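Student: I would like to go through this structure with you. Could we start at the surface?
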Amino acid sequence: MSVDVDKAAQPPADAPPPQPEPIKAIPVRHYGRWVAAVVVLGLIALLGRAFAAGNVNWDAIPQYMFNADILKGLRNTLLITVLSMIIGIVGGVILAVMRQSKNPVTSTVAWFYVWFFRGTPVYVQLFLWFNLGLVFQYIDIMPIYKDEWSDFMTPFLCALLGLGLNEAAYMAEICRAGLNAVDEGQTEAAHALGMSHAKTLRRIIVPQAMRVIVPPTGNEVINMLKTSSLVIAVQYYDLLQAAQNVGRDSGVVVEMLILAAAWYLIATTVLSIGQYYLERYYARGSSRQLPLTPLQRAKAKLSGAFNRGGVA
C-alpha cells in the first residue's frame, strides 16, 4: 500500500495558520548626535563662563529695566514700527494692484518703485531723506503747505518715510505673490456671476490670498521692529538711542545694550505669538482640523496625567 508523501506533509484544513517569528528590532545607535550635543553644551558652558567672569554689572540690567528714558525709547520704537508697517502694507497693496494692472504706465511705475527701493539699502535711504535739505531749501506745496525743509523733515518723519516706503516695496511683492497664488478660475467664476473686478478682489481673491500673505507679513513686522534700530542714524530717539544715552551717563554701556536686546526679544516674542494665532485663523479654510495650540497641548497633557493618576 503506497502513501502520498506530499499529502501526508500538508497540515489539516482546519489547522490555524503558522505564526511568523517575532522581529527583533535593534535600534540604530546615533553616536553623531551625542557628539554634537556634547560639543554644543560645551560651547554654551564656555560662553556662560566667559560672561560670568567678565566685568559685567548684571544688577544694573533689572535696575534700569523700567527706566523712564528706556521706556520712552521703547514706546517710540513700537510707534515707528507700527506706523511704518501701516505705510508699507497700504503702499504694498496699492503697488501690487498696480503691478497686476493692464495699464502699462501704472505697471511700469510700480515695477520701477519696487526695483529702486529693494535695490538700495534702507540705511542709505534714511541718510538720503535726512540730507535732502542740502538740495531743497524749502518744501512748497503751493496752496496747501510751505516751510523750510529742515523744519519739515523732522527725525520722526525722516525715519517714518525711510522705513515705510522701503517696506512698501517688499510688501508689494508679498501681496503680488499672494494674489497670483489664487487660481484664475476663481476670478473667471466671479466675473461670470456678475461681480465687478473690485468686488472680486475684496470678496473672492483677497480672503484666499491671505493664507499666503500673512506668514511673510508677520516676518516683515518682526524684521521692521529690529530694523527700526537704524533710525539712530537720523537722530530719532528710539530704544537703542535711549540705551546708549543711559549707558553713557551711568557708566554701564554694555549692560544697557544687553537691556536693549532683552526688550527687543520680549517685543519680538509677543509679535511671534500674535503671528502664530493670525496664521492659524486664516488657515481654517485649508485644513480640515487645525493643530492644537501650545496651550491646548499643555492642557491635554495635564488632563491625561490626571486621568492616569485617577485610574492608578
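Student: Which residues form the nonpolar patch on the surface?
Tutor: In this predicted model, the patch is made of Trp 111, Phe 112, Trp 115, Phe 116 and Leu 128. Together they have about 560 Å² of accessible area.

Student: Which helix gives the largest share of the patch?
Tutor: Helix H5, residues 104–119, supplies four residues, the largest share. Leu 128 lies in helix H6, which covers residues 122–130.

Student: Why does Leu 128 count as partly exposed?
Tutor: Its relative accessibility is 46%, and partly exposed covers the range between under 20% and over 50%.

Student: Changing topic, how many aromatic pairs are there?
Tutor: The count comes to nine. One of them joins Phe 51 and Trp 58, with 6.4 Å between the centres and 55° between the planes, a tilted arrangement. Phe 51 is partly exposed at 42% relative accessible area, and Trp 58 is partly exposed at 39%.

Student: And what about Phe 116 and Phe 117?
Tutor: Phe 116 and Phe 117 pair edge-to-face, 5.2 Å centre to centre and with 90° between the planes. Phe 116 is partly exposed at 33% relative accessible area, whereas Phe 117 is buried at 11%.

Student: Which residues do ring pairs link into a cluster?
Tutor: Trp 111, Phe 112 and Trp 115 are linked in this way, and these residues also belong to the surface patch.

Student: Which residue lies over the face of Tyr 237?
Tutor: That is Lys 72, at 5.3 Å from the ring centre.

Student: Finally, how many helices and strands does the protein chain have?
Tutor: The protein chain has 13 helices and two strands. Of its 312 residues, 30% count as buried.

Conventions
Residues are numbered from 1 along each chain as its sequence is written. This is a predicted model: local features need pLDDT of at least 70, side-chain atom pairs count only at pLDDT 80 or more; totals for chains, interfaces and linings use all residues. Side-chain values use heavy atoms; hydrogens and water are left out. Buried means under 20% relative accessible area, exposed over 50%, partly exposed in between (1.4 Å probe, protein chains only). Patches are made of residues with over 30% relative accessible area and no salt bridge: like charges are joined within 9 Å, nonpolar side chains (Val, Leu, Ile, Met, Phe, Trp, Tyr) within 5 Å. Accessible areas come from the Shrake-Rupley method with a 1.4 Å probe; for residues, only the protein chains shown count as cover. A salt bridge is a side-chain nitrogen of Lys or Arg within 4 Å of a carboxyl oxygen of Asp or Glu. Rings of Phe, Tyr and Trp (its six-membered ring) pair if their centres lie within 6.5 Å; planes under 30 degrees apart count as stacked, over 60 as edge-to-face and the rest as tilted. A charge sits over a ring if NZ of Lys or CZ of Arg is within 6 Å of the ring centre and within 35 degrees of the ring normal.
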